[in-house]
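Notebook open, model loaded. I'm jotting down what I look up as I go, loops to begin with, then sheets, cysteines and helices.

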Amino acid sequence: MLRSTLTSQGSPVYSVAWGPDSDRILYTSGKQLVIKPLQPSAKVLQWKAHDGIILKVDWNSVNDFILSGAEDCKYKVWDSFGRLLYSSSSHDYPVTSVSWAPDGEVFAMGSFNTLRLCDKTGWSYALEKPNTGSVFTISWSADGTQLAGACGNGHVIFAHVVEQHWEWKNFVVTLTKRRTMQVRNVTNDAVDILEFRDRVIKASLAYGHLVVATSLQCYVYNSRNWNTPLIFELKEGTVSLIQQAEKHFLLVDGAGLYMFSYEGQLISSPKFPGMRADILNAQGVSLSNDTIAIRDKRDEKVILLFDALTGKALSDGKPLTHKLEVVEIALDQCGPSTERKIALIDKNRDLYLTSVRHLGREPKICKIGSMVHSMAWNDTANILCGIQDSQFTVWYYPSAVFTDKELLPKTLYIKDGSEFSRAPHILSYVGTMVTLRQGDGSLVYSSVPPYSTVLHEYSTSARWEDALRLCRFAKDQSLWACLAAMSLANRELTTAEMAYAAIGELPRVQYIKRIKEQPSKESSLAHMLLFSGQVKEAEATLLQAGLIYRAIQVNIDLFNWERALELAVKHKTHVDTVLAYREKFLKKFGRKETNKRFLQYAEGVEVDWEKIQAKIEMELSKEREKAANASVRSSVAARR
């Protein structure tokens with residue numbers, strides 16, 4: 001029974017494809033491509049895609065890219081807004097078939113006596129010339145390892161994807177046959193052959209482990225011993241994604257997400273409403289030792305965060321929400337779970353950094369870069385690299401944005417991107433080596449100076465003298481800036497003072513001296529929070545410690561007059577102090593009081609500077625006495 005006619009046109013419809021969420025269809029209309037939403041009132045998107053009649057289209061649900069092949073002998077890759085991402089050169093014959101592999105990483109293209117395997121960005125992996133006539137239709141197996149093609153001479157052609165490569169440090173792994181892998185150690189040219197019972201579907205090599213998923217089993221190899229893998233059975237056969245961290249790895253298949261240790265134990269299996277594990281990809285899933293981050297496909301502004309060891313949602317199930325759709329996410333790999341950070345690139349290609357665990361507070365999402373097309377965290381230190389506009393940029397210490405925002409640009413290492421071709425993509429950042437895939441498919445390597453990694457190591461183990469020595473030896477301003485931010489984050493004020501002095505930040509050096517002169521720990525902490533721009537937190541710290549005058553003075557110094565008066569009235573102290581400073585401030589600029597609250601309190605309060613000064617001095621001496629008593633108590637407790 002015909003349910004409905006979606007469209008009617010004067011030219012033949014040669015090919016049609018469902019959209020990722022089955023709410024739109026893509027079809028051909030001569031040289032045009034048309035995306036028609038199923039809602040009757042929604043806008044139809046139509047554009048001229050080829051110079052010849054379009055014969056075949058396909059739309060992938062994982063990467064949301066569109067393929068088209070036409071009689072102009074070209075195949076093209078588009079995004080779902082109709083923007084051209086790749087156009088092939090002209091072939092000898094019309095392109096009669098195109099088809100995405102299920103995971104959206106590769107696609108196949110067929111023409112007369114031609115079968116080609118291509119990367120999702122368009123460049124060609126392999127070209128076969130079978131004597132079959134035109135390949136009219138291509139269909140992939142569910143696991144993406146093999147395909148079948150319907151040929152013009154009445155034959156069906158079968159093909160298997162082999163020769164995939166994985167690299168990590170000095171190891172190169174190659175899938176030589178469907179059930180055989182070769183491991184080569186490039187330092188001594190040692191070769192190991194790995195045999196499998198079933199065909200290999202997915203593999204991943206990182207952190208000293210090779211994880212291989214076949215159609216029925218998962219093999220885990222340690223790079224120190226290739227002879228005895230750990231093997232366990234898989235429930236579902238089609239593993240679509242493997243993500244690795246230092247201590248464990250994540251398997252994604254059609255049924256769900258599974259966290260395993262490298263000993264083969266199932267650790268957790270996170271679940272969330274509307275979960276569709278089959279359409280998750282590497283840009284939308286990130287893993288660290290303690291956290292799993294997943295971009296929500298239902299609302300791409302939302303990032304779901306889970307504890308890796310329990311599978312439970314973090315922050316009482318409240319996800320991280322950005323103001324725009326998120327394109328790519330990445331968790332940093334080092335340090336304690338309380339300091340875990342996540343980097344994200346949004347639709348505008350802006351790069352942001354935020355904390356994963358924010359203990360009830362609203363997460364602070366800080367922008368650290370713009371026009372960023374690709375990014376990766378280092379495996380041994382929390383250093384981030386990215387392709388930013390036409391430059392290769394390394395953020396030596398991205399967390400500087402939380403301690404001293406103005407310091408962040410000084411902590412960057414920037415390399416001109418002219419040595420890379422169009423649209424390079426970062427594959428990995430291991431040790432000091434960054435691996436990039438260029439727009440034409442070639443691999444290039446770029447090294448990053450090693451000093452920043454060593455500086456991170458010194459910072460985490462609190463070896464500040466060694467850190468200072470390293471900066472003096474390297475004579476690099478970006479390292480001094482990193483050390484300033486690191487030492488300030490760890491409240492190591494003496495080192496911070498020297499590092500700021502080395503980069504000529506004298507006002508900050510003076511402020512750090514002022515912090516060191518504070519009589520109590522609470523007061524020092526509040527001033528450090530002020531240094532980082534966290535005014536509310538600084539005020540809360542002082543109020544909690546009972547230092548009411550200090551909290552009022554902070555607001556006076558920042559000209560937050562109304563808040564200063566509010567605190568003074570609430571705690572019934574220093575109302576005259578606030579009024580006196582306000583009067584002095586207005587007199588300096590030759591202005592009259594217009595604020596009703598200040599006029600109201602000015603009527604009943606007498607301003608006497610001598611009394612105010614005496615009161616302030618008494619408050620400060622009380623604070624000094626309190627701090628001295630606390631110090632005595634702590635030293636007595638230590639002796640006991």
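**Entry: a loop residue.** I started at Asp-389, which is exposed at 52% relative accessibility. My cut-offs: buried is under 20% relative accessible area, exposed is over 50%, and partly exposed is in between, with a 1.4 Å probe and protein chains only. Asp-389 sits in the loop between β37 and β38. Its phi is near 55°, a positive value in a residue other than glycine.

**Entry: ground rules.** This is a predicted model, so I note that local features need pLDDT of at least 70 and side-chain atom pairs count only at pLDDT 80 or more, while totals for chains, interfaces and linings use all residues. Residues are numbered from 1 along each chain as its sequence is written, and side-chain values use heavy atoms, with hydrogens and water left out.

**Entry: the whole chain.** I get 13 helices and 42 strands for the chain. Both are DSSP runs numbered from the N terminus: helices are H or I with at least four residues, strands are E with at least two. The C-alpha trace spans about 105 × 65 × 45 Å along its principal axes. The chain has 640 residues, and 51% of them count as buried. I also looked at contacts between residues at least 6 apart in sequence: 41% of these join residues at least 24 apart. Contact here means heavy atoms within 4.5 Å.

**Entry: the sheet around that loop.** Which strands make up the open sheet, and in what order? I read four, in the order β36-β37-β38-β39, with antiparallel pairing. Two strands pair if DSSP finds at least two bridges between them. At the edges are β36 (372-377) and β39 (412-416), each of which pairs on one side only. On average, neighbouring strands in this sheet are turned by 20° against each other, direction ignored.

Inside the sheet, β37 (residues 384-388) and β38 (residues 391-395) run antiparallel and are joined by five bridges. I picked out one pair: Ile-387 has Phe-392 in β38 as its bridge partner.

Then I checked Met-371, in the loop between β35 (366-369) and β36. Met-371 is not a glycine either, yet has a positive phi, near 55°. Its relative accessible area is 38%, so I log Met-371 as partly exposed.

**Entry: a hairpin.** β7 (residues 75-78) and β8 (residues 84-87) are antiparallel, with three bridges between them. Val-77 faces Tyr-86 in β8. Five residues lie between the two strands, and in this hairpin Gly-82 takes a positive phi near 85°.

**Entry: cysteines.** How many disulfides does a search of the whole structure find? Zero. The criterion is a pair of cysteine sulfur atoms within 2.5 Å. Why does Cys-118 have no bond? The closest cysteine sulfur, in Cys-73, is 15 Å from the sulfur of Cys-118, which is too far. Cys-151 is in no disulfide either, as its nearest cysteine sulfur, that of Cys-118, is 17 Å away. I checked burial too: Cys-118 is buried at 0% relative accessible area, and Cys-151 counts as buried at 9%.

**Entry: helix pairs.** For α4 (residues 477-489) and α5 (residues 493-502) I have a packing angle of about 155° and axes 8 Å apart. Axes are lines fitted to C-alpha atoms, for helices over the stretch in contact, and angles run from 0 to 180 degrees between N-to-C directions. That makes α4 roughly antiparallel to α5. My bins: under 35 degrees is roughly parallel, over 145 roughly antiparallel, 65 to 115 roughly perpendicular, and the rest oblique. The residues that meet include Trp-480 and Leu-483 in α4, and Met-498 and Tyr-500 in α5.

The other pair is α10 (residues 561-571) with α12 (residues 596-604): axes come within 11 Å and cross at roughly 40°. So I file α10 as oblique to α12. On the α10 side the contact is made by Trp-561, Glu-562, Leu-565, Glu-566 and Val-569, and on the α12 side by Arg-597, Phe-598 and Tyr-601.

**Entry: one last aspartate.** Is Asp-576 buried or exposed? Buried, with a relative accessible area of 13%. Asp-576 belongs to helix α11 (residues 575-588). Leaving out residues up to four places away in sequence, Asp-576 touches Val-605, Glu-606, Val-607, Ile-612 and Lys-615.
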